[in-house]
Amino acid sequence: AHGTFHGGCIASLVDVVGSAAISTMGPLMHVSTDINVSYYSGMRPGERITIRAVCPRVGGRLAFSEVSFLTVGLDGKEITAASGRHTKYIIREMPIRSKL
C-alpha cells in the first residue's frame, strides 16, 4: 500500500465501526446490504487517526451509518482522509431453519 493504510483495511473498519454505531440504537440483528468508501488522502502508520461513526437513521427494515476517518493537517486543522456509508437490513424475526 506504499506506506499508507490499505483501502481494504479502511473498508473493513467502516463495516465494523458502522455496525457498532447501528448497534447503539438497540438490540437489533442486522446484515450488510451496501457499503461504500471514499478515499480523499492517504493515512500513514504512526499518524493519529480519529474514527467517528453515527447512525443517522433506523427505519422499519434498513439502518444507516456514516463513518469518518480524520487526521490532522500541517496547519493543525482536522482533515477527512476517508469516509464510508454502510446500510444494513434489520432482521425482525429469525428465519425458520430447515430440518433436512
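Two strands pair if DSSP finds at least two bridges between them. With that in hand, here are some close-up views of this predicted model.

**View 1. Strands β3 and β4 pair in the antiparallel sense.** Their pairing runs over 11 bridges. Look for L70, whose bridge partner in β4 is T80. The hairpin of these strands has 5 residues between them, and G76 takes a positive phi near 85 degrees there.

**View 2. Strands β2 and β3 are joined by a hairpin.** Here 3 residues make the link from β2 to β3. The two strands run antiparallel, and 7 bridges join them. To find your place, start at R57, which has F64 in β3 as its bridge partner.

**View 3. A81 sits in strand β4.** That strand covers residues 78-91. Is A81 buried or exposed? A81 counts as buried because its relative accessibility is 0%, under the 20% limit for that label. Leaving aside neighbours within four places in sequence, the contacts of A81 are Y39, Y40, S41, M43, F69 and T71. You can also check the spacing to T50, 31 residues apart from A81 along the chain: their C-alpha atoms are separated by 10.0 Å.

**View 4. The largest nonpolar core has 7 residues.** A81 belongs to this core, together with I10, V14, M43, V67, F69 and A82. Helix α1 (7-23) and strands β3 (62-72) and β4 each supply at least two of its residues. Another core lies apart from this one, with 5 residues, among them I22, C55, A63 and I90.

**View 5. F69 in contact with residues from several stretches of the chain, including I10, I49 and A82.** Setting aside neighbours within four places in sequence, F69 also touches L13, V14 and M43. Further contacts of F69 include T50 and I51, as well as I79, T80, A81 and S83.

**View 6. R52 and E78 form a salt bridge.** How many salt bridges does the structure hold? There is 1, so this view is worth a careful look. Side chains of opposite charge can pair when their charged atoms come close. In this pair, the closest N and O atoms are 3.1 Å apart. The link spans distant parts of the chain, with R52 in strand β2 (residues 50-58) and E78 in strand β4, 26 residues apart. R52 has a relative accessible area of 44%, so R52 is partly exposed. E78 is partly exposed too, with a relative accessible area of 46%.

Notes. Residues numbered from 1 in each chain as written. Predicted model: local features only at pLDDT ≥ 70, side-chain atom pairs only at ≥ 80, totals over all residues. Heavy atoms only, no water. Helix = DSSP H or I, 4+ residues; strand = E, 2+ residues; numbered from the N terminus. Buried < 20%, exposed > 50% of the residue type's maximum accessible area, 1.4 Å probe, protein only. Contact = heavy atoms within 4.5 Å. Core = buried A, V, L, I, M, F, W, Y, C linked by side-chain atoms within 4.5 Å. Salt bridge = Lys/Arg side-chain N within 4 Å of Asp/Glu carboxyl O.
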